[in-house]
Amino acid sequence: MLNIHIRKQFRSNGAQPFILEAAASFAPGFTVLFGPSGAGKSTLLDCIAGLQQPDSGEIRLGERIYFDAARKISLPPQRRELAYVFQSLALFPHLSVEQNIRYGLAKLRSSDQVEGTQSIATAFHIEKLLSRRPAELSGGEKQRVALARSLITRPRVLLLDEPLTGLDSALRRSILEDLRAWNNANRIPILYVTHNREEVDSIGERVVALVNGRVQETGAPRAVLDAPRSVELAHAAGFENVLPAVVVEHRPADGVMRVSLDHAACEIEIPLGDAAPGTEVRVAIRAGDILVATEAPHFLSARNILPGTLESIETRGGMVALRVKAGATFQVHVTPGAVRALDLSPGLLVWLVIKTHSCHLVR
Amino acid sequence: MNAEALLLSLRLAATVSFFLLVLALPLAYGLAFSTWRGKFLLESVVALPLVLPPTVLGFYALIAMGPRGPLGKIWQSLFGHPLAFTFAGLVLASMLYSLPFAVQPLVASFESLDRRLLDASAVLGADRARTFLRIILPLAWPGFLTALVLSFAHTLGEFGVVLMVGGNLPGITRTVSIDIYDRVQALDYAAAHQTALLLLLISFVVLSIVYGVNRRVWSPWLAK
């Protein structure tokens, strides 16, 4: 178990200094470190690795003290026996793949180094690349080499800072499978920083949400990311609609409460939360969770049906982003096929359909 | 052409660039990697010879090396002869004079290294010495070459400091640039011209090497 409890303040030219103040425990297995950019995720990993010094607090792995400000202990990174895969990967450009992988084995006999390199290269499917230079590798190959170079040292903690950014999802899945297999055999705390929801869902046993240098929430991915508790986290978790709202009334019998959106422009029903009537809150709704109809829908279970005007249509890659003014302004994502079938065009009168449980209370 | 003066200059330049590299390495390492707040003071001291007139530098060097100067006294007690107006004195003064030409290229090449490579090396268990030998040295070698070549070329052409500290003793302290000055004073323009042209050529070749190497070297390991 990796336990941290640290505080680090950064001097800045701006009015407010950035403060990282994090307390968390990381059990063996994957923990996703999630949060908007600038939340302090990389700084936290740097502190755990010993590349940056916290101002106060402590970091320990079981009984082993990595850092203890009160007792003036700080193990240098060389002695923390952990592995860290940087976002930039930091492969040594002048060394071959084999030399890169062997770099962390300097203390072993040469024959053991060769053996270790061979077996990890096989496990990560890079045995044919050993004589190449990093500049001659593709993105996915580089990421595999960086993982192999880190894992060969038999670390007691593994820090991964967005190691799979920029890969297509098939490649990402295949690397994640190799990593999961390695984890099943070794069971150490793995801290995995990512922005990618797909990665969170496929590896996350737990999520720690970091916002503005503070741990805001810890829990299962669905609990943390599907019901974000802060505006920053809602944005980072991919909620396109985060609307200001005021609680109007509680209906405990139905398990819901009514809120008015955007200065009483419209009212919707959301799951009952612990905000009293009259409280200012925010409601987060994914753009993909909103349905669009061109006629007033009837006989639906969805409780929120809002008439409105389609203001704009914008095609982004494989999907279409609509902006609809239905009291408040909503972002709605639909497929290009839906735009054709409904013959959507700006100015059209539409109805938005939102399930109660697609609406999340945010403080 | 005065071969004796030319050989002396080459010997001086080679000696100075060798010792300077040894001295500049830890200095540059400190300037590039330390987070010490008073670093700018050290940077200013190192850059001082760039803006100081050589005669000023030579003057203070002469006073320090003189029989009553601190350096001169230590030297006298160690070796039993004075330091001023000797080859060793010339080497010391020239090192001071060429210091920024050795330190600055090294600092620049250290600072241009990707810090994450050094972090990666540390996390993989390498101590500072190993990181230096395996990562910094191979990636920053154009900086080393530039430092070596520039301090060599700069020492080869110096005049003011040599005149102040070394005087004009044939075979001991009379370097090419002083020789040229002597020839011009004696109105022997032909001889002055020969030596001057040679110095000009050497400087040009040396600079071409520096620029050529720096242009080419950064590319082969980085993504094409």
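1. A good place to start is a helix pair in chain A: helix H4 (residues 139-151) of chain A packs against helix H5 (residues 169-186) of chain A at an angle of about 10°, and their axes are 11 Å apart. Angles under 35 degrees count as roughly parallel, so H4(A) is roughly parallel to H5(A). Please keep in mind throughout that this is a predicted model.

2. Which residues make that helix contact? From H4(A) come A:Gly140, A:Gln143, A:Arg144, A:Leu147 and A:Leu151, while H5(A) brings A:Leu171, A:Ile175, A:Leu179 and A:Trp182. Sorted by class, the contact of H4(A) with H5(A) has 6 nonpolar, 2 polar and 1 charged residues.

3. Next, the domains. Chain A is divided into domain 1 (2-235) and domain 2 (239-362). The C-alpha centres of domain 1 of chain A and domain 2 of chain A lie 38 Å apart. Their contact takes 7 residues from domain 1 of chain A and 6 residues from domain 2 of chain A. On the side of domain 1 of chain A that touches domain 2 of chain A, the residues divide into 4 nonpolar, 2 polar and 1 charged.

4. Do take a look at the sheet in chain A as well. It is an open sheet of 5 strands in the order S16-S20-S17-S18-S19 (chain A), and the pairing is antiparallel. At the edges are strand S16 (290-293) and strand S19 (328-334) of chain A, each of which pairs on one side only. From one strand to the next, the twist averages 40°.

5. One strand pair of chain A can be followed down to single residues. Strand S18 (residues 319-326) of chain A pairs with S19(A) in the antiparallel sense over 7 bridges. If you would like a residue pair to find on screen, A:Val324 has A:Phe330 as its bridge partner in S19(A). As background, strands of a sheet pair through backbone hydrogen bonds, either parallel or antiparallel.

6. Finally, the two chains. How many residues of chain B are in contact with chain A? There are 19 residues of chain B in contact with 19 residues of chain A. Helix H6 (115-123) and helix H7 (128-139) of chain B each supply at least two residues of the side of chain B that touches chain A. H6(B) gives the largest share of that side, 6 residues. As for class, the residues of the side of chain B that touches chain A divide into 12 nonpolar, 1 polar and 6 charged.

Definitions and conventions: Residues numbered from 1 in each chain as written. Chains lettered and ligands numbered in written order. Predicted model: local features only at pLDDT ≥ 70, side-chain atom pairs only at ≥ 80, totals over all residues. Contact = placed C-beta atoms within 7 Å. Helix = DSSP H or I, 4+ residues; strand = E, 2+ residues; numbered from the N terminus. Nonpolar A, V, L, I, M, F, W, Y, C, P; charged D, E, K, R; others polar. Domains from an automatic or database assignment. Pairing = 2+ DSSP bridges. Axes fitted to C-alpha atoms, helices over the stretch in contact; angles between N-to-C directions. Parallel < 35°, antiparallel > 145°, perpendicular 65-115°, else oblique.
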